Amino acid sequence: MNTLDLVTHGPVIPVIVIDRLEDAVPLAQALVAGGVKVLEVTLRTPVALDAIRAMAQVPGAIVGAGTIRSAADARAAKAAGAVFGVSPGYTAEVGAACREVGLPLLPGVATASEVMAAQADGLNFLKFFPATAAGGIPMLKALAGPFPDVVFCPTGGISLQTAPDFLGLPNVKVCGGSWLTPADAVNAGDWARITRLAQEAQALRG
């Protein structure tokens, strides 16, 4: 799989933090029911890898691992069943490890130098992170000039209200958002609300 294939499934990739393993499967089912199939599960909690393993079994779900920061993270994510990886930044070590295990990588960048480092390793679909803090729409417009061959997935500080502005940029094909899986809804097991949020996100592209 090429990471750019992910954009064909919808305009938003949810950035998911799983604290309780029992939430993993119903959360994935709720998102898929709302039309959101590409799920980024961040490696920020002790149960994250087990959550990826469980969610990968949900019909229709395309599960990846976020917050990959090392070669060990890449190997563990692949072993858990992740079909793509997302990193907050980019290092050649992480890129090499992902290539070695066959884990397509969406690497994080925030500057022109980081874009060039990722491109040097053959990566042209990049996560712009943290999107709002790193300059938001003006920065993405600025990067479009010297990097017309790069496509971005801005993530960080984006909401349902601001997502359309990002998605309206020619060099943005998809954005990442944590608003699809609010902690209060997950903690309450309000899966119907998650499905509604997924449907709203899925409709953003029109």
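Asp165 is partly exposed, at 49% relative accessibility. That is in a predicted model, as is everything that follows. Asp165 sits in helix 7, residues 163-167. Take its C-alpha and the C-alpha of Lys37: 22 Å lies between them. Along the chain, the two residues are 128 apart.

Hold on to Lys37, as it leads to the cavity. How many cavities of 30 Å³ or more does the structure hold? One. The space in the largest cavity comes to about 30 Å³. Lys37 is in the lining, together with Val36 and Val38. Leu6, His9, Gly10, Val12 and Ile13 line the cavity too. Gln202 completes the list. On the general idea: rolling a probe the size of a water molecule over the atoms shows where empty space is left.

Val36 takes us on to the core. Val36 lines the largest cavity, and Val36 is also in contact with Leu31. Which residues have the most contacts inside the largest nonpolar core? Leu31, Leu39, Met55 and Phe152. That core has 60 residues. Helix 1, residues 24-33, gives the largest share, with six residues. There is also a second, separate core. It has 12 residues, among them Val86, Leu106, Phe125 and Cys153. As a general point, nonpolar side chains tend to be buried together in soluble globular proteins.

Back to Leu31 and its partners, sequence neighbours within four places left aside. Leu31 is in contact with Pro14, Ile16, Val36 and Leu39. Its list also includes Leu180, Thr181, Ile194 and Ala198.

Next, Thr195. This residue is in helix 9, residues 191-202. Thr195 counts as buried, because its relative accessibility is 15%, under the 20% cut-off. Beyond four places in sequence, Thr195 is in contact with Ala30, Ala33 and Gly34.

Now the salt bridges. The whole structure has three. In general, side chains of opposite charge can pair when their charged atoms come close.

Start with Arg20 and Asp23. Their closest N and O atoms are 2.8 Å apart. Arg20 is partly exposed, with a relative accessible area of 31%. Asp23 is buried, at 7%.

Then Arg53 and Asp50. The N to O distance here is 2.7 Å. Why are these two about one helical turn apart? Because they are three residues apart in helix 2. Arg53 is partly exposed at 38% relative accessibility. Asp50 is partly exposed, also with a value of 38%.

Last of the set, Asp184 and Arg193. Here the closest N and O atoms are 3.2 Å apart. Asp184 has a relative accessible area of 49%, so it counts as partly exposed. Arg193 is partly exposed as well, at 28%.

On to the loops. Thr45 is in the loop between strand 2, residues 38-42, and helix 2, residues 48-55. Is Thr45 buried or exposed? Buried, at 14% relative accessibility. A polar atom of the Thr45 side chain lies 2.5 Å from the backbone oxygen of Ile18. Ile18 is also on the contact list of Thr45, along with Val17 and Asp19. That list leaves aside neighbours within four places in sequence.

Thr67 is in another loop, between strand 3, residues 62-66, and helix 3, residues 71-80. What is notable about the backbone here? Phi of Thr67 is near 60°. That is a positive value in a residue other than glycine. Thr67 is buried, at 15% relative accessibility.

Finally, the loop between strand 7, residues 125-128, and helix 6, residues 136-144. Pro130 lies in this loop. Which residue does a cis peptide bond join to Pro130? Phe129, with omega about -10°. Gly135 is found in this loop too. Gly135 is partly exposed, at 31% relative accessibility. Its C-alpha atom is separated from that of Val115 by 15 Å. Along the chain, Gly135 and Val115 are 20 residues apart.

Terms used:
Residues are numbered from 1 along each chain as its sequence is written. This is a predicted model: local features need pLDDT of at least 70, side-chain atom pairs count only at pLDDT 80 or more; totals for chains, interfaces and linings use all residues. Side-chain values use heavy atoms; hydrogens and water are left out. Helices (H or I, at least four residues) and strands (E, at least two) are DSSP runs, numbered from the N terminus. Buried means under 20% relative accessible area, exposed over 50%, partly exposed in between (1.4 Å probe, protein chains only). A polar contact is a pair of N or O atoms within 3.5 Å; within protein, one must be able to donate a hydrogen and the other to accept it, and residues adjacent in sequence count only if both atoms are side-chain atoms. Contact means heavy atoms within 4.5 Å. A salt bridge is a side-chain nitrogen of Lys or Arg within 4 Å of a carboxyl oxygen of Asp or Glu. A nonpolar core is a set of buried Ala, Val, Leu, Ile, Met, Phe, Trp, Tyr and Cys residues joined through side-chain atoms within 4.5 Å. On a 1 Å grid over the protein atoms alone, a cavity is a set of points where a 1.4 Å probe fits but cannot get out, and a pocket is an open set with protein on both sides within 12 Å along at least five of seven lines; lining residues have an atom within 4 Å of a point. Grid points are joined across faces, edges and corners, and a volume is the space filled by probe spheres set on the points.
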